[in-house]
Amino acid sequence: MRVSEGRVTVTVPEQPEAGKGADVFFNPVQELNRDITVAALRAYRERTPRVSTYLDATAASGIRGVRAAANDWETTLCDIDDDATALCEQNLERNDLAASVRRSDANVLMHSEAFDVVDVDPFGTPIPFADAAVQGTKHLLCVTATDTAPLCGAHFESGVRSYGAVPRNTEFHAEMGMRVLLSAMVRTAARYDIAARPILSHATKHYARTYLEFDHGAKVANDCIDELGYVHHCQHCLWRDHDYGLIADPPEDCPVCEKHLQTAGPIWLGRTCEPEFVSAVSEQVSEEMGTADEAKELLATLGAEIDTPTHYDQHRLCKRWGRGAEAMDEFIEKLRDAGYAASRTHYGGTTFKTDADVVEIREATAD
Ligand code: SAM
C-alpha cells in the first residue's frame, strides 16, 4: 500500500495485526512521532548550522530517513533485514531522492562511523543499541522506546534488567518510564565522558521518545549524573518526594499518612525538554504534515509544563479524597491563586504538575 507523509510517498507492505509478521514493519500510528522528528531536525539544523548527516539506524520501510532526505539531510538508512533495505532503495527512488542504504547490524555501523544525528527507533527497548548509538552520534541522538511496561515498572524485573534502575508502577507511569529511559541513556553516555541532555521528550500512545543533545567532557558528563536521583512515592495518599544522588535516602514512612513508601531510581530528575527548543520545533511543524494540529498542541503543552520530576492526576487525587473532579483549568487556577506553580501536562487530559505537595494541593483546591 502507498502511504503519504509530509513531502514523500512510500510503499509499505499491508500490515497484519499490529505489524507482526509483515515482511517489513510499518506503523501508521507513529506518524506523529515522525512529523515531530522532521520538525525537530529542521529546528536542530537552525540551532546547530554545521550539522548535515542523519542516520536512520533501524529504517524498516525507510519512511523516516526518506523524509529526512526530503528535508536535505545527507541521509543513511540502515536495517539488518534484506527486504527492508530493498524497500528503502525503492522508496528513495520513488521520491527521486539520494541517500546511502546499508544492510547491516546498526550496532556494527554505529561503532565504525559517526553521524551528526542518529535516530534509533527499534522494536521495544533501544538499550541493545545504546552503547553503539552513543559512539556513532556527534550531536543529537533521537531514541524511541515502545517497551512501556518494563519502563514504568509494570514488568518490574524486565525493567530492572534492561535499564539498570528500579522502576515503580505509580499513577504517573508514563513519566516514570520516560525518566527511567533518560537515566539509562544518560548513564550510557557518561561512560564515554559524554553529557547527553534531553532537549525534547514526549510520551505518546504507548511509546517514549527523546532527543538527547551531546556535549563532550568528563565535567559536563558529571553534571548530568548529578541530575539523577530517586523518587519516593506513597501508593496510599499519593505523596511523593525526590532526592538527588546515586545513594537513595528515603524517609522511613510517608510523612502524611505514615504508610510504606516505594522508591524508584536512579531516574533522570532534570528537565525532559528545553522550552526554547520545543518552541523552535513547533515553528517547524508545517501544513503538509498529517498530524500538524496534534503536533502543535502536544508541543504547546510540553513547552508550558513546569519542571518537576513527577505529575499528578486530578481524578486519582479526587477519588482518594472522596470528592468530585472539576474542570482542569479551574483546578489549576486555584493552585495558582494559592501561590503555587501549576501546569497541565502532556501525559493525559486530567494530569498536572505543581510545586505544591499533596496536602497543599488538597487545601488549595478545596471549595
Ligand atoms: N523506524 C521505522 C519507522 O519509522 O517506520 C520503524 C522501525 S521498526 C520498529 C524496527 C526495524 O529495526 C525493523 O525493520 C528491523 O528489521 C530493524 N532491526 C532490528 N534489529 C536491527 C539491527 N540490529 N540493526 C539494524 N536494524 C535492525
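Me: Let's start inside this predicted model. What is the volume of the largest cavity?
Reply: Happy to begin there. The structure holds two cavities of 30 Å³ or more. For the largest cavity, the computed volume is about 90 Å³.

Me: How do the residues lining the largest cavity divide by class, and how many are charged?
Reply: The lining includes Arg 179, Arg 271, Glu 305, Asp 307 and Lys 353. Among the others are Thr 272, Cys 273, Pro 275 and Leu 302. By class there are four nonpolar and two polar residues, and the number of charged ones is five.

Me: Which elements give two or more residues to the lining of the second largest cavity?
Reply: About 40 Å³ of space lies in this second largest cavity. Its lining is made up of Gly 6, Arg 7, Val 8, Val 38, Arg 42, Arg 67, Ala 70, Asn 71 and Glu 288. The elements that supply two or more of these residues are helix 1 (31–47) and helix 2 (63–70).

Me: And how many charged residues are in the lining of the second largest cavity?
Reply: Arg 7, Arg 42, Arg 67 and Glu 288 are among the lining residues. The class division gives three nonpolar and two polar residues, with the charged ones numbering four.

Me: Let's turn to the domains. How far apart are the C-alpha centres of domain 1 and domain 2?
Reply: The chain is divided into domain 1 (2–304) and domain 2 (312–364). Contacts join the two, with 19 residues of domain 1 touching twelve residues of domain 2. The distance between their C-alpha centres is 29 Å.

Me: Where does the second largest pocket lie with respect to the domains?
Reply: Good one to check on the structure. About 500 Å³ of space lies in this pocket, and of its 25 lining residues, those closest to the centre are Ala 203, Thr 204, His 346, Tyr 347 and Gly 348. Both domains give residues to the lining, so the pocket lies between domain 1 (2–304) and domain 2 (312–364).

Me: Which elements each supply at least two residues to the lining of the second largest pocket?
Reply: By class, the lining has eleven nonpolar, ten polar and four charged residues. Two strands qualify as suppliers of at least two residues, strand 8 (194–204) and strand 9 (207–216). The helices that do so are helix 6 (148–152), helix 8 (173–190) and helix 11 (292–304).

Me: What is the largest C-alpha distance among the residues of the UniProt "binding site"?
Reply: The UniProt record, an unreviewed entry, places this feature at Cys 234, Cys 237, Cys 254 and Cys 257. These residues are spread over 24 residues of sequence, yet they cluster in space, with a largest C-alpha distance of 8.6 Å.

Me: Is Cys 234 buried or exposed?
Reply: Cys 234 sits in the loop between strand 10 (228–233) and strand 11 (240–244). Beyond its sequence neighbours within four places, it is in contact with Trp 239, Cys 254, Cys 257, Lys 259, His 260 and Leu 261. Its relative accessible area is 0%, and the cut-off is under 20%, so Cys 234 is buried.

Me: Then what is the relative accessible area of Cys 257, and what does it make this residue?
Reply: Cys 257 is in the loop between strand 11 and strand 12 (262–268). Leaving aside neighbours within four places in sequence, Cys 257 is in contact with Cys 234, His 236 and Cys 237. Its relative accessible area is 22%, which means that Cys 257 is partly exposed.

How values were computed:
Residues numbered from 1 in each chain as written. Predicted model: local features only at pLDDT ≥ 70, side-chain atom pairs only at ≥ 80, totals over all residues. Heavy atoms only, no water. UniProt positions renumbered as here; feature names shortened; annotations may be inferred. Helix = DSSP H or I, 4+ residues; strand = E, 2+ residues; numbered from the N terminus. Buried < 20%, exposed > 50% of the residue type's maximum accessible area, 1.4 Å probe, protein only. Contact = heavy atoms within 4.5 Å. 1 Å grid on protein atoms, 1.4 Å probe; cavity = no way out; pocket = protein on both sides within 12 Å on 5 of 7 lines; lining within 4 Å. Points joined across faces, edges and corners; volume = space filled by probe spheres on them. Nonpolar A, V, L, I, M, F, W, Y, C, P; charged D, E, K, R; others polar. Domains from an automatic or database assignment.
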